[in-house]
Amino acid sequence: MAEAAAVPGGSLPHGQGSALRRMLANRRVVLGGAVLLFFALAAVFAPLIAPHDPVEQDLLLQYAPPVWADRAEPGYLFGTDNLGRDILSRLIYGAQIALFVAVTAAAAAGLLGTALGLLAGYLGGWVDTVISRLVEIWMAFPAVLLSIVLVAVMGTGLHSVIIAIAAIDWTRFCRVVRAETMAQKQQDYVASAVTVGLGRMHILWREILPNVLPLLIVLFTLEMGIAVIVEAILSYVNLSLASDFPTWGTMIADGRKYVNQAPWLMILPILCVIALVLALNALGDGLKDVLDPVMRK
Amino acid sequence: MSWSFLLRRLLLAIPTLFGVAAIVFVLLRVVPGDPIAMLIGPGATERDIAELRRLYGLDESIALQFVYYLQDLAGGNFGTSISMRQDVMELVLGRLPVTIELCLVAMLVAVGLGGAMAVAGAYWRGRPGEAAVDGAAGFILAIPDFLWALLFILFVVVFALDGLPISGRIGHDVGFRGATGFLLIESLLRLRFDAFGSVLLHTVLPAFALALPLAAIIARVLKTSIAEAMTQDYILMARVKGFSRARIVCREALRNALVPTVTLTGVQFTFLVGGTVLVEKIFSYPGIGNMAIDAVINRDLPLIQGLVLTFAVLFIAINLLVDMSYALLNPRMRHG
């Protein structure tokens, strides 16, 4: 039954190999994946590839321009900031924080939202009413303002940022998973599982969840992009990590302050955020095409 | 549209607002930091602190504080801002027109730009023009308003576009103080075109930053609806009559494609309003969004509560307007 359940469309079961091949044939998946891999490698090997200490200040070397400008300082490819810190090294370590927040926050939001969405969609009745009402109230808040309030309440720091993102964006997962669960519930395989006498939690966990999984992968990828933006926003308003720590958002905020003297401070962190977000969006959209059985036909 | 429909929607807004008020209230009461400690200098005695706690009602239990808070809200009293020592309602109402004007300008930009993109895409259907419109919409949508705002600032600085201001709402050299906060409308009515131009120039960049994502969404949805409308019989009829393609797209198909777009635009407009929080901060634009961030940084509980509630009321009002306009546009909905 598990095999039959894996193919809601009803066609032949696909092997792992063919799914992978379809992904590699999708331009958006490959391109988005490549950029993501680039940032992931930079993050993992940051201590090896960063030319300088990202927090080391050198007040004799303030505002050194990047290599393409006149008066560039040798050894500082992208120049230095207002405290003489190496921008390239800060960007590399910034990738570490951006990706760490993206993965953990998206996972936390996904877990919470999926659990509630599955329950609401499958159980229906008052459980559905309570959860749906909660989602509605939650979405009446401006997300940015709510995240800022949450972090202000919990105190600054990475864990607050992650909890804030999860506490706000679980609704995205919840709504989609709820709708999908309701649709899956109408399928024959669920009816037969009920007939065979399988328990409700067993059906939800072992039969329905695997069928919702492709959708979850897509949502997770897109949520990572959102988390990168929210982290940048929170560090921009100085609510993420302490300001000497290299996050892209802090670098953008510093750049905004000195934009008239040194516009290059802002350019590269903004480009990094945009590149990573575009890559995650492309990857998510591409995966949607590859994994969604309805879209595929 | 019937009065009972309107009444029902208004009544439904009450539990939502209550929920928002309750959540914000409880959230803010578990703040580890003490707002009173930030309020007074280091020389304060225990008694001063207790006195202030009593003044702001912080010495009662949380449940009792909430009851008092609701009573005050029902009477239109939002409390007193701790950081600015002014009535919250007055502070918010003073800044609200700024944000409303900014959002309306942004909305106009979004509808104009998105509508133009949609019509162009529908007109060039199946040709490279359509692909260009799709690509542009996808790219615009992938970048949030916050980053567009920063990109605009970079653009202005790097290309030395000194004519476009990147902070504030009106030039310092323009001696214009409106009686209302609606400077754009008021300066126009009083024929102060110098002030109108100055405010408009200051509004261009934040409005575009807010408008771009919405414009892309409008372009996508409207283009799809026009394409759907183009398959209908009356379009065939218009073709048989020999109307030009431009006329068919703009006059016949566009009108019938509007309903789904209006609904979606309304929902997305709430995101635009939420975006003012950061965009106003980035451009030092003196609206309620900018105020909200300062309130959070200062831990000004009454002001945060007032602002979050204001945003929630705005969101509910927008959704209500959307439902009403939907009912007006679509006759079948009028007796729903």
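**Close-ups of a two-chain, all-helix predicted model**

**Figure 1. Chain A on its own: 13 helices and 0 strands.** This is a predicted model, so read every panel here with that in mind. Going along the sequence, chain A reads α-α-α-α-α-α-α-α-α-α-α-α-α. Of its 297 residues, 51% are buried. If you take the contacts in chain A with a separation of 6 or more, 74% of them join residues 24 or more positions apart.

**Figure 2. Chain B, with 13 helices and 0 strands.** From the N terminus on, chain B runs α-α-α-α-α-α-α-α-α-α-α-α-α. Its C-alpha trace covers about 85 × 55 × 40 Å along the principal axes. Buried residues make up 48% of the 336 residues here. For contacts in chain B with a separation of 6 or more, residues 24 or more positions apart supply 71%.

**Figure 3. Where chain A meets chain B, about 3200 Å² gets buried between them.** Carbon and sulfur atoms carry 85% of that area. On the side of chain A that touches chain B, the elements giving two or more residues are helix H6 (125–139), helix H7 (143–154), helix H10 (200–236), helix H11 (248–257) and helix H12 (264–291) of chain A. Sorted by type, the residues on this side come out as 28 nonpolar, 2 polar and 2 charged. The contact draws 32 residues from chain A and 40 residues from chain B. How many salt bridges does the rule find across the interface of chain A and chain B? The count is 0. Polar contacts do turn up across the interface, in 2 residue pairs, both at pLDDT 80 or more.

**Figure 4. Asp145(B), a buried acid with no salt bridge.** Asp145(B) sits in helix H7 (residues 145–158) of chain B. Which side chain of opposite charge is nearest to Asp145(B)? That would be Arg172(A), and it is 11 Å away. A salt bridge needs a nitrogen-to-oxygen distance within 4 Å, so Arg172(A), at 11 Å, doesn't pair with Asp145(B). Leaving out residues up to four places away in sequence, Asp145(B) touches Ala209(B), Leu210(B), Pro213(B), Gly275(B) and Val279(B).

**Figure 5. Helix H11 of chain A, largely enclosed by the rest of the structure.** Why call H11(A) enclosed? Because 9 of its 10 residues are buried. They are Trp248(A), Gly249(A), Thr250(A), Met251(A), Ile252(A), Ala253(A), Asp254(A), Gly255(A) and Arg256(A). Within chain A, these buried residues pack against helix H3 (27–44), H5, H10 and H12. From chain B, they meet H7 and helix H11 (245–282).

**Figure 6. Asp254(A) and its salt bridges to Arg85(A) and Lys257(A).** Take Arg85(A) first: its closest N and O atoms to Asp254(A) are 3.7 Å apart. This pair links distant parts of the chain, with the two positions 169 residues apart. Arg85(A) lies in the loop between helix H4 (46–49) and helix H5 (87–123) of chain A, while Asp254(A) is in helix H11 of chain A. Both partners are buried, Arg85(A) with a relative accessible area of 2% and Asp254(A) with 11% relative accessibility. The salt bridge from Lys257(A) to Asp254(A) has its closest N and O atoms 3.6 Å apart. Here the two residues are 3 apart in helix H11 of chain A, which means they are separated by about one helical turn. As a general point, an α-helix has 3.6 residues a turn, so residues three or four places apart point the same way. Is Lys257(A) buried or exposed? Lys257(A) is exposed, at 58% relative accessible area.

**Figure 7. Asp128(A) and Arg178(A), joined by a salt bridge.** The N to O distance is 2.6 Å. Asp128(A) comes from helix H6 of chain A and Arg178(A) from helix H8 (residues 158–185) of chain A, so to speak a link between distant parts of the chain, 50 residues apart. Asp128(A) counts as buried at 13% relative accessibility, whereas Arg178(A) counts as partly exposed at 24%. For context, a search of the whole structure finds 14 salt bridges over all chains.

Methods. Residues are numbered from 1 along each chain as its sequence is written. Chains are lettered from A and ligands numbered from 1 in the order in which they are written. This is a predicted model: local features need pLDDT of at least 70, side-chain atom pairs count only at pLDDT 80 or more; totals for chains, interfaces and linings use all residues. Side-chain values use heavy atoms; hydrogens and water are left out. Contact means heavy atoms within 4.5 Å. Buried area is the accessible area (1.4 Å probe) that two parts lose on being put together, summed over both. A polar contact is a pair of N or O atoms within 3.5 Å; within protein, one must be able to donate a hydrogen and the other to accept it, and residues adjacent in sequence count only if both atoms are side-chain atoms. Helices (H or I, at least four residues) and strands (E, at least two) are DSSP runs, numbered from the N terminus. Ala, Val, Leu, Ile, Met, Phe, Trp, Tyr, Cys and Pro count as nonpolar, Asp, Glu, Lys and Arg as charged, and the others, Gly among them, as polar. Buried means under 20% relative accessible area, exposed over 50%, partly exposed in between (1.4 Å probe, protein chains only). Lys and Arg count as positive and Asp and Glu as negative; His and the chain ends are not counted.
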